[in-house]
Structure formats: C-alpha cells, structure tokens
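Me: Please take a close look at one part of this structure and connect it to the rest. I am new to it, so keep the sentences short.

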Amino acid sequence: MLLEVSGVSVTFDGFRAINDLSIAIGEPELRAVIGPNGAGKTTFMDIVTGKTRPDEGRVRWTSHGIDLLKMSESAIARAGIGRKFQKPTVFEEQSVRDNLSMALKNRRDPFSVLFWRIAAADHARILELAEEIGLSNRLADRAGALSHGQKQWLEIGMLLAQDPRLLLVDEPAAGMTPSERAHTTDLLRRAARTRAVVVIEHDMEFVRRLDCRVSVLHEGSVLAEGTIDHVTRNQQVIDVYLGR
Amino acid sequence: MTDIITGDPLPAPPPRRSFLRHNRAALWFMALLSLFTLVVTLLSEAVGTGLISTSLVKILGMTLCLCLVAVAMDVVWGYCGILSLGHFAFFGLGGYAVGMWLMYARAEIIIRDSLATAEIPPTEAEVADAVGSQIFGVVGSSELPALWAFAHSLPVQLAMVVLAPGLLALVFGWLAFRSRVTGVYLSILTQAMTLALSLYLFQNDSGLRGNNGLSGLQNIPGHLETPQAVIAMWFFWGSALALALGYVLFAWILSDKFGSVIRAIRDNEARVRFLGYHVESYKLFVFTLTAVISGIAGALYYPQAGIINPAEIAPIASIYLAVWVAIGGRGRLYGAVLGAAVVSLLSSWLTGGGAPDINLGFYVIEWTEWWLVLLGVGFVAVTLFFPRGIGGLFDHFAKER
Amino acid sequence: MHPPPTRSLAKALKMLTILRTFLGLVRRCAIWVLVLSGPTLAQDGDAPLQPVLQNVRDEIANPSRSSVDRVLDALTNSDATGVVDFLRAWQDRAVYTDPATGLFYYAREESGDLVLIDIDSGAEGATVSTRDVEHIRPNGGVRREVAASLVQFEVSSPDPERRRAALEAIGRSPDAEQIAYLAASIGSEPDPEIRARKERLLTLLSARFAPDVEDRVAAIETLSGDVSTEARAVLSQILATRQRIAESLPQDVNMATVLEIGSDLGVDAAYGRLVDAGLAPERTDTDSILAALRANVVDGAVGGIPLHQLDTEEARETAYRALSADGLAPQLFSDAEVADAVGHHEFFEEYVEPNEEITDAARAAVDGTGTRIAIFEGLSLAFDALSLGSIFFLAAVGLAVTFGVMRVINMAHGEFIMMGAYTGYVIQLFVPDHTLSLVIALPMAFLVAFAAGVALERLVIRHLYTRPLETLLATFGISIALQQLAKNIFGTQARPLTAPDWLAGSIALNDIVSVATIRVAIFVLALIFLVLLLLVLKRTRLGLEVRAVTQNPGMAASMGIDPDRINMLTFGLGSGIAGIAGVAIGLYAQVTSEMGANYIVQSFMTVVVGGVGNVWGTLAGAGMIGFLQKGIEWFNPSNTLVAQTYLTLFIILFIQFRPRGIFALKGRAAGD
C-alpha cells in the first residue's frame with residue numbers, strides 16, 4: 001500500500017469530523033471519495049497533507065511505513081504527496097511560467113533555490129506541462145488573468161510538475177464547462193496510470209466517468225467501498241446520500 | 001484544449017541573460033545613484049565647490065542609509081509579506097555596535113594622551129578604568145560592562161554590526177515563524193520585540209549608557225584631526241556604495257525563483273507549503289538577511305548622526321520606516337528608496353525650520369507643529385487612494401506610453 | 001475596615017454614656033481626676049508658681065536647649081499650681097516678663113497693647129505697651145523638649161484631642177519614663193478608642209523598657225504576629241546588634257550570629273573591620289603604591305626599576321617591595337598574610353540587649369510575624385496586580401471588541417484613550433466641581449471617542465477591510481496625526497485630571513496592605529464595564545448581530561443583518577470604551593499626548609494573550625499581564641523598565657506555545 005490511514009479520529013470543538021476512519025490507497029490507483037457535506041472529505045485530505053493533526057490513529061506512507069503525522073506540510077509534500085484545493089489557488093501575481101517553475105521537482109531548500117538557474121531539462125518540462133494543460137501560449141501571462149477553468153488546470157499542472165506519487169484532488173471539476181470536464185477526466189486518468197490519484201467529488205456523473213473504485217464517506221468514516229455501481233446499489237448509501 | 005500549439009517538443013532554454021541586463025530598474029537606479037554621488041562630491045566643501053555644506057552632505061549620506069534600510073524593509077514587507085516593526089531596531093543595533101568602538105577608541109586616545117605626561121606610565125588596567133569612568137561616569141558607574149569586552153577591537157565590533165542584528169533576527173524569527181504567527185499578530189510581536197529592546201536600552205544598567213546613548217560618534221579615532229567635511233564625504237561615499245551593493249544584492253535575490261517563492265509566500269503561504277517549500281526557512285532567511293543589511297545601514301548612519309540613543313530604536317521609528325516604504329510603493333525596490341528619500345528629506349526640511357511658515361491671517365501654520373499631522377493624514381490618503389505609492393505613478397506612465 | 005453600622009451605633013451610645021458620667025465627675029471634683037491621673041505628678045498642690053519660676057528665672061527668660069531641663073525639673077518637681085498651664089503658655093510663646101521686676105506674666109492683647117495677667121491668681125493687671133515687657137520666645141528645640149515633658153500631663157488631659165496628641169508624641173519618641181504615667185492614665189481613660197491606643201502603646205513601651213524581664217517578655221509575646229510598622233520597629237530595636245571582633249568567642253555576651261569568613265563576610269571586608277578596629281595595619285592599595293613610587297623616584301627609577309617599565313601591576317609591586325625593604329615605604333601585605341590576620345580573629349554580632357531571654361522572645365515574635373507579613377505582602381501585591389490588570393483591561397477591551405469582531409487592528413486606539421482623557425480635562429476647566437465634572441466626563445468621553453471611532457470607520461477602515469495590514473498602517477497614520485494635533489492644541493506638558501476628594505487617599509487594611517482609592521475605583525469601573533459589555537453582547541439585539549457577524553459575516557449578511565451598520569456600531573463602541581478608559585487612566589496618571597501610545601502595545605499584548613474576540617479572554621489576558629508585571633517588579637523592585645522588558649519577552653515566548661491566546665477559537669471556526 002502506498003497510503004494507509006487507520007483508525008483516525010479528529011474532533012473540532014466537540015464536533016467529530018473524522019470518526020475512526022480507515023482507508024488504503026495503492027500505487028498506481030485512481031480512487032474517488034464521495035459523500036455528503038460534512039462527511040469529512042476535506043478533513044481527510046487535511047490530515048494526510050499535515051494541515052490537521054488527528055486526535056488518534058495512524059497514517060502510514062509507502063511500504064516503509066513512514067509516519068506522516070510526524071512530518072510538516074512541506075516535508076509531506078516533498079515526500080511525494082501533492083494536493084489541489086477545492087478553490088483554485090495559484091499565485092495570481094506571477095506568470096504561468098513562474099507558477100510551474102516553482103512547482104518543478106527541484107531541491108526546495110532556500111540556498112539551492114537562491115542559486116537555482118533554469119536548466120534545459122527544466123525548460124522542456126515546463127513546456128511539456130504547459131502543453132498538457134493547454135496553456136502553452138499563456139506561459140508569460142499573469143496567472144490571475146486566466147479563466148477559472150484554466151486556473152484549475154494550471155493548478156493540476158503544478159501538481160504534475162511536482163511529480164508526486166500521490167495526488168489529492170479536491171473537486172477538480174467545480175465550475176467547469178462540460179468540455180473542460182471531459183479534458184480534466186482525461187488528465188486525471190492519464191496521471192493515475194503511473195501514480196495514485198484520489199479525487200474528491202460531488203458530481204456523480206464525473207465520478208462515473210472516472211470509472212474507478214469509490215469510497216463513500218459518511219459522518220467521518222467509510223460507509224461503503226467498491227465500484228460506482230456497487231456503492232450506488234448499497235441501501236445505506238442511498239439513504240444517507242443518494243436518496244436524499 | 002484541442003488548440004494545442006505546435007512547437008519544438010524540446011526547445012533550448014532561453015539564453016540566460018545577466019540579471020542586471022534583465023533588470024532595467026536596477027540599472028537605472030545605479031546610474032542615477034552614481035550621478036547623484038558625483039554631483040554631491042563635486043559640490044561638496046571637501047572636494048568640490050562647497051555649494052553643498054558639510055551638514056547637508058551628512059544629511060544626504062544619512063538619507064542614503066535610510067534608503068538602504070527602507071530597501072531591506074521593502075524586501076521583508078513588500079515582497080515577503082512580513083510587516084516587521086523591528087527593522088529600525090536592527091538598524092539601531094548596528095549603530096550601537098559600531099558606536100561602541102568609536103566611543104571606546106576615542107576615549108582611550110584621550111585618556112592615553114592625558115596620562116602620557118605622567119611620571120609613571122599607566123598600567124593597562126588603569127587605562128581601562130579611566131576609559132570606563134570617562135564613558136560611564138554619566139550613568140554613575142566607572143566600570144566597563146562585560147558587553148564592552150571587545151569594544152577596543154574594530155574588527156570584532158564590525159562583526160557585531162552584522163552578528164548582533166543577525167542573531168537577534170535569527171532567534172526571534174525562528175521562534176515567531178515556527179509558531180506560525182502571521183499577519184497582524186506578527187507585526188504586533190515584532191513591535192513587542194522592538195519595545196522590549198528599547199526599554200532594555202533605556203535602563204542605566206543596560207551597559208549602553210541608558211537614555212544618554214552613545215555620543216561623539218562623528219569623531220573617528222585615528223582621524224581626529226581630519227576635518228569633518230572630509231569625514232562626511234567618506235561616509236557619504238560609503239553609504240552610497242552600501243546602498244548600491246544592497247540594492248543589487250536584493251535585486252539579484254529577487255530576480256529568479258527565490259523571488260518567486262517569497263512573493264508566493266506573501267500571497268498564500270499555505271499553498272507554498274503544500275508545494276513542498278519549508279516556508280519558515282524562507283521567511284527566516286529573508287528576515288535575517290534584511291536585519292543584517294539594516295544593521296549595516298545603521299552602522300553607517302550613526303557616525304554621521306553623531307549620536308545614538310534608545311529613543312531611536314523605539315517602535316515608532318520602525319513604524320515610520322513602514323510609512324516610508326508604503327508611500328514610496330511596496331514591492332518595488334526603487335519605491336522604497338524613493339519613499340525614504342522623499343519623506344525623510346521633507347521631514348528634516350520642514351521640521352528643521354527650513355520651510356517658511358504659512359500665514360493664514362487668523363492662524364500661522366508652523367511646519368514644526370503641523371508636519372506630523374500632514375504626514376499622518378497624507379499617509380492615510382496614500383494607503384486609501386494610492387496603495388502602490390509614488391512608485392505606482394511610474395507604472396502609470398509606463399502604461400500611458 | 002469600617003465596622004457595620006449597628007455596631008458603630010452601639011459603640012457611639014456607649015461612648016456617650018461614659019462621656020456623660022465623666023463630665024459629671026469633672027464638674028464635681030476636677031482635682032480628683034488630676035490626682036488620679038498620675039502618681040508621678042507632684043504638682044497642683046496649692047503653692048504659688050511665681051516663686052518657683054523665679055528660682056529658674058534666667059533659664060525661663062532666655063530659654064535654650066541646654067538649660068531647658070533645669071526648668072522642667074524645677075517645675076515638675078514643685079508642688080505649685082498651674083505648672084501645666086504655664087508650660088503650655090511658655091511653649092506657645094505666651095509668657096512675658098517685666099524687666100524691672102523680673103516677674104512673669106501671661107498677657108492679653110488689647111488694641112496694640114498688652115494687658116498683663118498674673119500667673120497665680122489669673123487677675124488682670126496693668127496695661128502696658130509691648131515695648132515695656134519682654135516677650136519670651138523659646139526656639140523650636142526648647143519647645144519640643146517642653147512638649148515632651150508636657151506629654152505626661154497631657155495623657156490625662158480632659159481634652160481628648162490633647163490626649164491623642166500626647167499619645168502621638170509618645171509613639172514618635174518613646175522612652176522608659178513614659179511607662180509609669182501612661183499605665184496610670186489608662187484606668188481613668190473614658191474614651192475606649194484612646195484607651196485601646198494607650199494600652200497598645202503601653203505594650204510597645206513595656207516590650208522595650210519595662211524594668212521587669214517578665215513584663216518585657218510578656219509584652220514581646222503579645223507583639224508576635226503583629227504586622228504594624230510600630231510593632232515591627234520595636235522588635236527590631238530590641239534585636240539591634242553591634243559588630244564585634246575578638247581573638248576567641250567570648251562566653252558572656254548575648255550572641256546574635258557568628259560570622260563565617262567567606263560566606264557571611266568576605267576576607268577583604270573582614271580585614272577592613274580589623275583595620276577599623278585598630279587590630280591590623282592598613283593594607284596598601286594600588287593608589288598608595290603609586291603614591292609611594294612617585295615619592296621615591298631617584299634618577300628616573302624607583303627601587304632600581306626604570307620608570308618607563310612601571311606600566312604593569314607586577315613591575316610596580318616589585319619596585320614597591322624594594323622600597324619597603326629599604327624602609328622607605330610600609331610593608332606590602334600579601335593575600336596570605338591578610339587571610340592569616342583575619343583567621344586569627346572571630347567576627348560576630350552581639351545583641352545590644354544583654355538579656356538572652358528577651359532577645360529569644362523577640363526573635364520568636366519576629367518569626368511569628370514573618371509568615372503573616374509574607375501573606376499580607378502577597379495580598380498587597382495581588383491588589384496592585386489587580387489594579388494594574390483592570391487598567392489594562394479597560395485599555396484593551398475596546399480593542400478586543402473591534403479586533404475580535406472586525407479583525408481590524410486599530411493603532412489609533414491609544415489616541416482614543418488620549419481623547420477621552422483630554423475630554424475629561426476640558427470638562428474640568430468648565431466644571432470646577434470634581435465629582436460633577438467626573439459624572440459629566442465619563443459619558444462625554446464615551447461620546448467623543450464613539451464619534452471619532454465611527455468617523456474613522458466610515459472614512460478609512462471601511463475601505464480597507466480586505467487589507468488588514470494596511471488598516472494597521474492607515475490607523476498608524478491617524479495615530480501620528482492625532483498625537484501631534486493634541487500637542488498642537490494642548491501643548492506638550494502634562495495636563496492634570498483631578499480626582500474628587502473622595503477618591504483621593506487610600507484604603508488601608510493594615511500597615512502593609514493599602515490600596516489607593518482611585519485604583520479601587522478603576523477596578524470597580526472595569527468590573528462595571530465587563531458586566532455591561534457582557535450584557536450588551538449576550539442580551540441585546542445588537543450583541544446578537546455582533547456575534548453573528550463575528551462568527552460568519554457572510555451568513556449574517558444573508559440573514560438581513562447589515563454588516564456595515566454592525567461594523568460601524570462595534571467600532572464606535574470599542575472606541576467609546578477607550579474614551580472612558582482614558583478618563584480612568586488620566587485620573588491616576590497624567591494626561592499627555594503620548595499617554596495612549598504608552599498603553600497601546602500593552603493593550604495589544606492583552607488582546608493577543610487573551611485570545612481574539614473574547615471578552616473573557618481579554619479579562620484573563622489583562623489579569624495575567626497585570627500579575628506578571630507586578631510579580632516581576634516584586635523580584636526586582638528598583639526598576640519597572642526591567643519588568644516591562646521581561647514581560648514583553650515573556651509574552652513573545654507565551655505566543656510560541658499558545659499562538660492564539662488563552663481562550664483560543666479551535667478548529668475550523670478559527671480559520672487560517
């Protein structure tokens with residue numbers, strides 16, 4: 001297993017956001033996580049990426065069993081976990097090229113970065129990524145000038161630039177046109193060929209198109225797991241989520 | 001996403017240009033600074049026609065130092081997003097470090113001269129005691145505190161110019177950034193640090209002469225006979241050089257990916273963290289480096305000012321520093337220089353009695369009384385209406401063209 | 001501190017009864033009282049006074065410190081009438097003498113002349129010009145002596161004021177003789193309060209001067225646990241020591257402590273004592289070495305060493321030893337010799353009081369008092385801290401409201417405090433009655449600061465809600481401008497804001513614990529504000545809306561709450577409270593244009609330490625900072641600057657561990 005979350009619980013002011021959650025992701029794998037509002041989807045990502053510390057439970061990374069709970073956000077990111085936020089967060093004041101350049105898999109300590117100068121390989125990688133996300137002709141533009149969908153892609157591009165082993169993607173299709181959605185699906189499925197990708201999504205059509213294993217979260221723990229058809233037939237799932 | 005552009009799949013990277021050629025603003029700045037230095041030199045009393053008085057040379061030299069600390073402030077605030085209210089404290093620490101040597105060495109020369117005529121030559125302990133009471137008599141003590149152990153050594157004190165602010169910034173920054181204090185909290189915390197430092201220095205037993213501060217710094221030991229006009233010129237050149245080097249250093253640091261990262265930290269530090277950058281290290285690096293540069297600026301400033309006391313370090317000084325940078329325009333280095341130069345020169349002109357009072361008939365506006373009101377209100381206006389400061393006007397003209 | 005009303009009423013009634021009985025007694029046989037009042041008084045027999053006076057005529061007419069005793073002896077040992085009256089008159093410079101006859105008179109002034117009054121009969125005699133008689137004017141020293149001597153009569157005086165004054169005099173300069181007449185006067189003392197005071201003074205006197213050891217020990221034992229200054233002074237006087245040096249420890253002294261060389265007393269200091277006691281020759285120090293060297297320069301050298309080589313301690317010492325070897329200078333003692341001399345002596349302190357029983361009792365009493373003193377000092381410190389904390393609370397709570405609700409840092413908050421204080425000052429210019437002006441000033445200060453706050457919010461802050469750091473800076477600008485404006489209007493010197501008389505003074509629990517009334521008032525004011533604010537926030541519609549905006553501005557807006565209005569009112573409220581804090585601070589400190597700036601950093605600390613957006617947090621923060629500052633000051637009382645430095649450092653460290661304050665919002669609500 002690449003990522004193994006077991007028995008994790010977290011409480012905010014008496015509200016149990018995650019309740020004895022256990023989930024395991026293999027490599028490579030494409031996994032969709034669905035669930036109603038407040039089911040703990042985003043909190044799950046927060047825990048894996050180190051933003052939130054759980055009250056109890058374990059989070060193990062790779063077959064070496066590295067304990068992610070002891071690592072800082074940046075160390076977790078360097079260990080190979082990339083995250084895309086629900087709201088597109090790119091650095092709007094900077095060019096698309098700078099955004100991608102920052103995300104490139106290079107050494108991240110201040111002194112290396114201070115003396116870093118772009119190499120041919122880096123340049124090629126940026127062009128390649130730009131092409132993949134369809135922003136080749138906008139490399140010099142300010143990221144803030146991009147459309148909403150383009151920002152989403154740029155963020156996915158930055159994620160790919162990090163070359164992570166695990167991608168956590170929070171509602172990638174929010175606010176996209178149908179054709180943009182289709183492209184996003186392709187991107188994710190392509191990425192999942194070589195690495196693990198976890199997608200949080202509300203949109204059942206989108207999930208269906210991803211055609212992958214689905215985990216249904218409810219009140220902070222996994223209610224059901226399996227193919228989309230399997231979970232949509234599960235009576236409990238229908239009661240809490242789909243049947244509303 | 002079907003309109004994929006056609007292009008070489010593996011193009012050569014863009015030819016790497018020297019960053020100075022890349023950075024036109026830095027080039028312009030260097031050219032103007034050189035021209036300014038040349039003009040002042042040619043018009044000075046020491047070298048040139050004497051049109052510019054020595055005291056004005058000193059004011060201009062001091063202004064250059066203020067510009068340097070403003071540049072440092074701009075980097076830490078305008079680029080990295082840390083509104084530090086402590087950089088003038090670092091500036092003061094640099095001044096204190098060099099001031100200790102200036103005061104000690106001068107006192108030692110005076111003491112040795114006066115004891116030279118004695119029948120029995122003085123012992124080293126006697127000289128140290130006499131220097132101690134010469135310097136510390138004013139706070140009712142005659143012993144040199146341990147802090148002054150290396151005050152006789154110029155190299156050590158020059159190292160302290162860098163180390164004292166650097167170490168303070170390193171320790172403080174490490175504590176503050178580690179606990180993820182950001183935004184206004186961080187500003188308040190830096191202000192608290194500045195307050196603590198100035199309160200400490202205000203004590204008579206701080207080892208730095210309490211509120212008397214260090215004085216007589218304009219006299220350079222070893223050059224006590226040299227006229228002030230010449231010394232003022234040296235320091236002016238030194239300040240100009242320091243400003244030029246500091247500017248180029250910062251421009252270089254900001255020119256590539258490092259600059260990208262710290263601007264990204266300013267805009268969204270959580271996101272930078274998830275990209276795998278250890279944000280705290282970057283902040284600490286910038287905070288400490290700018291503190292060191294501030295210390296160097298202070299070390300050049302106070303020998304020109306002649307006196308340093310704890311009031312210089314008080315939080316309000318650091319606030320003024322932020323005001324200069326904001327008025328000049330954050331996030332651009334020349335903006336900081338512009339703001340510091342314009343506001344500090346205007347301030348010394350208006351409060352120094354240089355400006356004529358305005359007689360309204362029923363009330364006479366005296367600038368010494370109204371300058372701060374004007375500055376305060378003007379500053380609010382700049383914040384509200386010109387958030388980009390004076391530097392923003394350049395953008396405006398650039399766009400017009 | 002004050003007895004409950006029913007008890008004081010009963011007390012007053014009892015006093016009245018006693019007084020009535022007493023007055024009746026006085027009327028019937030005044031002489032009785034006087035006889036009863038003191039066996040030491042031989043006077044008030046029926047012999048005339050004038051002859052007695054004539055015996056010491058010169059000493060009375062030309063009084064001086066050296067001769068006054070003779071007069072007092074002669075008068076107090078005589079059995080003439082009116083001795084006390086005469087002494088009072090003498091002391092009051094109301095005695096005249098006729099240079100021709102040498103007789104003494106009292107006198108009454110009448111249209112510029114004097115009507116002489118016979119000392120014995122009280123009959124008015126001739127009217128004379130002031131030039132014909134000599135006015136006797138004893139100097140201050142003499143008058144003090146007379147007063148001291150009068151005390152023995154005054155303690156039994158029928159006038160309670162005189163008795164009180166006499167007791168005060170005894171308290172000031174106690175001596176052994178006072179015991180007898182003070183003890184004698186207690187039995188007939190009608191006023192219970194004065195009687196208690198007499199009994200207490202008697203205890204204090206007995207502890208020091210009673211002839212009988214048992215009496216002294218008993219008196220000393222009653223002083224155990226008494227924290228009053230006078231009781232502690234008496235005990236410490238009994239335990240007074242003197243330093244002694246001897247070759248071996250003597251057995252016959254009342255030993256206080258034997259000093260250990262090294263730990264209790266340094267070798268150099270011990271040697272100094274030996275020198276002072278003439279038991280050892282003075283040690284040659286560097287100055288006298290130098291002087292000796294200077295005095296013995298021969299051919300550019302001293303003791304065979306050339307002068308230019310004498311720039312180290314070692315060289316000088318060598319030269320000096322050469323000199324003393326030639327007998328040209330006293331011997332130089334080495335450290336070993338000094339230590340040896342010290343080692344041959346015992347250094348100790350003995351009690352001045354020779355009786356061990358008494359000093360033991362006194363030491364026990366002091367130990368008994370020590371704990372109580374510590375408790376009371378702790379209490380006093382706690383009161384100080386509480387009062388400081390309430391000032392911080394007042395200064396900071398307005399800030400907490402604005403910061404908590406609007407996430408806006410108002411650096412001009414300190415200037416709102418200043419505005420409130422100046423409002424109070426201006427109102428006092430027009431309303432001279434301090435109580436009334438205070439009653440007007442409090443709401444006025446609120447209104448002025450409220451208006452200023454609303455104006456600031458509407459004109460500046462409203463436009464900067466998305467840029468919190470710039471709000472901080474813009475309000476700095478306001479702060480700079482307002483401070484200078486205040487300087488331009490009111491000048492740079494401090495302006496007084498005078499508290500009404502009933503707020504002056506202090507409330508004392510005992511000699512250790514006393515709190516300035518004004519500080520108590522500020523504490524009460526802070527409490528009132530805490531309650532008011534909680535009521536406003538928890539019980540009113542405005543409070544509900546404010547809390548709604550605090551927790552979720554977007555949701556609040558969608559429910560029809562106008563965030564603009566709420567922000568404006570909140571900012572006004574926070575500023576208004578600052579104005580009131582200004583009046584409070586101005587009452588105990590002074591009003592200057594910089595007074596706000598002095599509190600702003602502390603106020604922020606209070607808010608940050610307490611946790612943002614929480615009135616209780618501000619209370620906890622203010623309390624903590626108050627107690628900390630006072631606590632640090634207690635460790636280092638000489639310097640409040642040190643306390644502030646350490647306090648600030650502490651807060652920086654505190655934020656390391658609780659970055660969001662004591663009462664932190666947790667989880668998602670805290671936001672990031």
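**Aromatic rings and their surroundings**

Reply: Start with two rings: B:Phe88 is buried, and B:Phe91 is buried too. (Buried means under 20% relative accessible area, exposed means over 50%, and partly exposed is in between; the probe is 1.4 Å and only protein chains count.) This is a predicted model, in which local features need pLDDT of at least 70, side-chain atom pairs count only at pLDDT 80 or more, and totals for chains, interfaces and linings use all residues; side-chain values use heavy atoms, without hydrogens and water. Residues are numbered from 1 along each chain as its sequence is written, while chains are lettered from A and ligands numbered from 1 in the order in which they are written.

Over all chains, a search of the whole structure finds 23 aromatic pairs. B:Phe88 and B:Phe91 make one that is tilted, at 4.5 Å centre to centre with 35° between the planes. (Rings of Phe, Tyr and Trp, the last by its six-membered ring, pair if their centres lie within 6.5 Å; planes under 30 degrees apart are stacked, over 60 edge-to-face, and the rest tilted.) Both residues sit in helix H4 (residues 87-116) of chain B, 3 residues apart, or about one turn of the helix. (Helices, H or I of at least four residues, and strands, E of at least two, are DSSP runs numbered from the N terminus.)

What makes the pair of B:Phe258 and B:Tyr282 tilted? The ring centres of B:Phe258 and B:Tyr282 are 5.4 Å apart and the planes stand at 35°, so the pair counts as tilted. This pair links distant parts of the chain: B:Phe258 belongs to helix H9 (residues 257-267) of chain B and B:Tyr282 to helix H11 (residues 279-305) of chain B, 24 residues apart. B:Phe258 and B:Tyr282 are both buried. They join A:Phe111, B:Tyr277 and B:Phe285 in one aromatic cluster.

Charges meet rings as well. B:Lys257 lies over the face of A:Trp116, 4.0 Å from the ring centre. A:Arg83 does so over B:Phe274, at 5.5 Å. (The test: NZ of Lys or CZ of Arg within 6 Å of the ring centre and within 35 degrees of the ring normal.)

Helix H9 of chain B also holds B:Ser260. B:Ser260 has 3% relative accessibility, so it counts as buried. Beyond its neighbours within four places in sequence, B:Ser260 is in contact (heavy atoms within 4.5 Å) with A:Gln94, A:Asp98 and A:Met102.

Now the wider setting. The largest nonpolar core has 267 residues, and A:Leu154 and B:Trp77 touch the most other members. Helix H3 (residues 54-79) of chain B gives the largest share of this core, 17 residues. (Such a core is a set of buried Ala, Val, Leu, Ile, Met, Phe, Trp, Tyr and Cys residues joined through side-chain atoms within 4.5 Å.) Past its neighbours within four places in sequence, B:Trp77 has contacts that include B:Ile82, B:Ala322, C:Leu469 and C:Leu473.

Chains B and C bury about 4,400 Å² between them, 74% of it on carbon and sulfur atoms. (Buried area is the accessible area, with a 1.4 Å probe, that two parts lose on being put together, summed over both.) The contact takes 50 residues from chain B and 49 residues from chain C.

A last word on confidence. The predictor gives the complex an ipTM of 0.88 and a pTM of 0.80. Chain C has a mean pLDDT of 80, with 91% of its residues at 70 or more. (pLDDT is the predictor's confidence in each residue, from 0 to 100.) Over residues 22-43 of chain C, pLDDT stays under 50.
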